[in-house]
Amino acid sequence: MLSDISLGRFVDTRSVLHETDPRLKIILYIVYLVAVFVIGTPQALIALFALTMIQLITAKIPLSVTWSTLKPVIPLALFIFVLNIFTIKQGEILWSWRFIEVTDVGVSKAVLMSLRLIFLILSTSVFLTLTTTPLKIADALESLMSPLKVFKVPVHEASMMMSIALRFIPTLIEETDKIMKAQESRGANYDTGTALNKLKGYITVLIPLFVSSFKRAEDLAVAMDARCYRGGNNRTKLNPLKIKGRDIVVFVLFLAGAAVLIGTDIYFI
Amino acid sequence: MSDAISVKNVSFAYKTDEGQSLEVKALDNISLDVKSGAYCAVLGPNGSGKSTLAKLIDVLELPDEGTVCVLGNTASDESDIYAIRERCSYVFQNPDNQIVGTIVEEDVAFGPENLGIPNPELRERVDEALKYVGLYDLRKREAASLSGGQKQKLAIAGALAMRPEVLILDESTAMLDPVSRDEFLELVEKMNREKGITVLTITHDMNEAARCQRIFVVKEGKVAMEGTPSEIFSKPDVIREAGLELPADIGLVYELAKASGKVIREDDIKDKDARIGAAVRYAREAKAVPKVKQLKKHENTRKILEVSDLSYSYDGGKTYAIEHMDLDVYQGEILAVVGKSGCGKTTFISHLNGIVRPQSGEIRFINEDNSVLTTSRKKDIAQIRRKVSLVFQYPEYQLFEETVRKDIAYGLVNMHAPDVNIESRIRGAAIISGLSEDVLDKSPFELSGGQKRRAALAGVLVMKPQVLVLDEPAAGLDPIGRREMFDTICALRETGTTVIIVSHNMDEAARYADRIVCIKEGRKAAEGTAAQLFESEQKAREYGISMPLLYEFSSKVKEKLAKEDPRFMMMPPLPDPAHEAASIIRGVLSC
């Protein structure tokens, strides 16, 4: 069923990393993102592997979840691997067959590139998607971007829109399911027949979905008006983001980890 | 007591997109006062201007003429608008469209956050409101995962956190099942009693209105009548003229009074005991059994649908939505499927035309020549869908074509019905569903709510199904709309169509259905006529359903009659007030 789709794949294991202030996690994420692209030595890669393991353990992410996050990326990683290995012509030739040549530089580049992709996905999950609810990410972005308000960037509005969109995703999924069943009762067809037929089937779902979304938007606007919504000025928050001592400890430790990583890389370069 | 709300000579017309006022005024020189701390209802048919009135009171619209004064503030300049909205909360009809926060407690906080209430007061307000409505334990849940009844309680909590003095309910119970509706109303009544909050509720539900202290009947943008419930309901003719109807118990008192040549008085209906007393008195005074139309009974016919040992689980066998269900459906009957929310009714009916395929068990459709189709065979499904049509709740969302005509034709064209005259079928379907011909070329999105419902129904009737399954066909309609919907259903039975309706409204199920099936926790709890199912309150409770108000009331009247005169002949209850009145009088006269 449609309602089985879960978005953001938040896994609630209530670890230290889950509780850490989302703003710090976003900063850490950016730091690790940069680190992943900066490092290039095998020693640093081993250090990165060790660090990622520590992160996964801290976040109490079960192996099965880690595997299911990585699984869809593997074909892409393989593709990058193959692409690199056959296109890089620098260095010593290790093996050749007709016009295909594999060089030592090619192999190491290929390994590095595909590992980068995998670590990229892992740090995204460990700092953001698996440990932080989408709502908290929206909150953190609003807070991090708030200096932009000086330049008249509608930061609050953007964040409000994002959280409303998140709020309505389950509602709209439910509704889509309902409309599909109703149209199916009238003979609509989504999965057999020609492409044109399928398209026609989906139109019978999309139009009512759009119409009702607009109606919902209108209703919601009136309801927000009735609840005294007046934009972001002077608004308070029930759960304001607050950085606690523990958050700083986590932040500093992971930051130190990143420093060690880059240090290792520079040392062995 | 001072007035919480004072509306004086207010007129209002909606504007077109070009800014011109529509010719028909939504409100036409209307005036009314609501005392502080009162619990009032606004009644009226669809389009009478009730909701517009509520919106003007909460300053969501501004009057064209006249003044609206709420809690001493006049809604005219900008600063007063928020002064009013802060103290006057509004709960809308659709629970889904008023929840802003993703998490329960964050939604409750939305209002006070807008007011700039700082912590810890903010936290205090939110927790207090959540505890008051009984959602505190669910405060960290996602709002979307709540049930309909819980969502409306969440809306109330959101209102409470504003610490309002006035609460406006705009058909807030229309989409709730009877149990949630009762809980919701009890909550509102508690707020009115304990916190002195003035409540103005807009409703189609006469039983709900009867619980209020004061009723305003609005018709064509004006107040047609104002008074206490007993004042209002003792004038049945005015009620009917305003497109409303009597609550079932008062309806029986009215019929008994009519039969004895009397007119119902205010004192007769001021409370439950008075109603029973008056009914007994009028029943004794009657000289003759009033003439009533013969109730149409469904003759036993051939079996058309057969459900055998059907089970279905959404979670791979941990819990069952439907378990070992057996049911026979006969041609030309109206069968009601009743049961609490979440008992498996929707899952069950989704099986009937193969939208959901059985995990175990079977659904068989029996043709006139005794050949059998089953939803377990994939190749039969298209054929079954031509014979068994399913209409879900609020079917108006399924409209999508440019014109009503095309939309009605959609299913027929899709099902590749060979050589039928499509145009005549469209007209036929429109007539049965009560759609006038001039709307056929309009866009379905221009129609009124009731017309949309009919257009959606026509889009199914056009396929001339032999079995029509309707999930809550009258949900959200006003009393006239409900009656018309059931008239359509009865007319369909006349043509030999089998109609299966899912209903929360026991009075309607009892009144219109030939047989009733009651589902409890996925299993068939009972099956039979209304008289069998609602034989006693205790039995009904066992099945997990409530008694129809008429039966509950009438059984008390009959008990009292039997106590006073043991010769009184107890007859099984009949499902509409006129027939039941006749049956009671027959019982009295036989003494």
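## A friendly tour of a predicted two-chain model

Q: Helix H17 of chain B lies across three strands; at about what angle does H17(B) run to E18(B)?
A: This model is predicted, and we can start with helix H17, residues 479-494 of chain B. H17(B) lies across E13, E17 and E18 of chain B. Relative to E18(B), its direction is at about 150 degrees.

Q: In what order do the strands of this open sheet in chain B follow one another?
A: The sheet is open, is built from 6 strands and has mixed pairing. From one strand to the next, the twist averages 15 degrees. The order in chain B is E16-E17-E18-E13-E19-E20.

Q: Which strands stand at the edges of that sheet, and why is one side of each left without a neighbour?
A: An edge strand here has a single partner strand, so one of its sides has no neighbour in the sheet. At one edge, E16(B) pairs with E17(B), residues 467-471, in the parallel sense over 4 bridges. The strands at the edges are E16 and E20 (523-528) of chain B.

Q: Which residue is the bridge partner of Val391(B) in E17(B)?
A: E16(B) and E17(B) run parallel, with 4 bridges between them. One of the residues to look for is Val391(B), whose bridge partner in E17(B) is Leu470(B).

Q: Helix H12 of chain B also packs on the sheet; about what angle does its direction make with that of E17(B)?
A: H12(B) covers residues 345-352. It touches E13 (334-338), E16, E17, E18 (498-502) and E19 (515-520) of chain B. With the direction of E17(B), the direction of H12(B) makes about 155 degrees.

Q: Which residue of the hairpin of E4(B) and E5(B) takes a positive phi?
A: E4(B) and E5(B), residues 73-74, run antiparallel and are joined by 2 bridges. Across this pair, Val70(B) has Asn73(B) as its bridge partner. The hairpin has 2 residues between the strands, and the residue with a positive phi, near 50 degrees, is Leu71(B).

Q: Which residue of E4(B) stands opposite Val7(B)?
A: E4(B), residues 65-70, also pairs with E1(B), residues 3-12. That pairing is antiparallel and runs over 5 bridges. Opposite Val7(B) stands Val68(B).

Q: Is Asn9(B) buried or exposed?
A: Asn9(B) is found in strand E1 of chain B. It has a positive phi of about 45 degrees although it is not a glycine. Asn9(B) has 12 other C-beta atoms within 10 Å, and 12 or fewer is the cut-off, so this residue is exposed.

Q: Where does Lys464(B) lie?
A: Lys464(B) is not a glycine, yet its phi is positive, at about 45 degrees. It has 18 C-beta neighbours inside 10 Å and counts as partly exposed. Its place is the loop between H16 and E17 of chain B.

Q: How are H10(B) and H22(B) oriented to each other?
A: The axes of H10(B), residues 248-259, and H22(B), residues 577-589, come within 8 Å and cross at roughly 55 degrees. The crossing is right-handed. The contact includes Leu252(B) and Leu256(B) of H10(B) and Ile584(B) and Ile585(B) of H22(B). The angle between the two helices is therefore classed as oblique.

Q: How are H2(A) and H7(A) oriented to each other?
A: In chain A, the axes of H2(A), residues 22-38, and H7(A), residues 134-145, come within 8 Å and cross at roughly 80 degrees. Their contact has 5 nonpolar, 1 polar and 3 charged residues. Because 65 to 115 degrees is the range that applies, these two helices are roughly perpendicular.

Q: Which residues is Lys60(A) in contact with, leaving aside its neighbours within four places in sequence?
A: Lys60(A) is found in the loop between H3 (42-58) and H4 (63-70) of chain A. It is partly exposed, with 17 other C-beta atoms within 10 Å. Beyond its neighbours in sequence, its contacts are Thr13(A) and Ser15(A).

Q: Which element gives the largest share of the side of chain B that touches chain A?
A: The contact takes 50 residues from chain B and 39 residues from chain A. By class, the side of chain B has 25 nonpolar, 16 polar and 9 charged residues. The largest share, 8 residues, comes from H3(B).

How values were computed:
Residues numbered from 1 in each chain as written. Chains lettered and ligands numbered in written order. Predicted model: local features only at pLDDT ≥ 70, side-chain atom pairs only at ≥ 80, totals over all residues. Contact = placed C-beta atoms within 7 Å. Nonpolar A, V, L, I, M, F, W, Y, C, P; charged D, E, K, R; others polar. Axes fitted to C-alpha atoms, helices over the stretch in contact; angles between N-to-C directions. Parallel < 35°, antiparallel > 145°, perpendicular 65-115°, else oblique. Left-handed = near helix turned anticlockwise from the far one by under 90°. Pairing = 2+ DSSP bridges. Buried ≥ 20, exposed ≤ 12 C-beta atoms within 10 Å, placed from the backbone.
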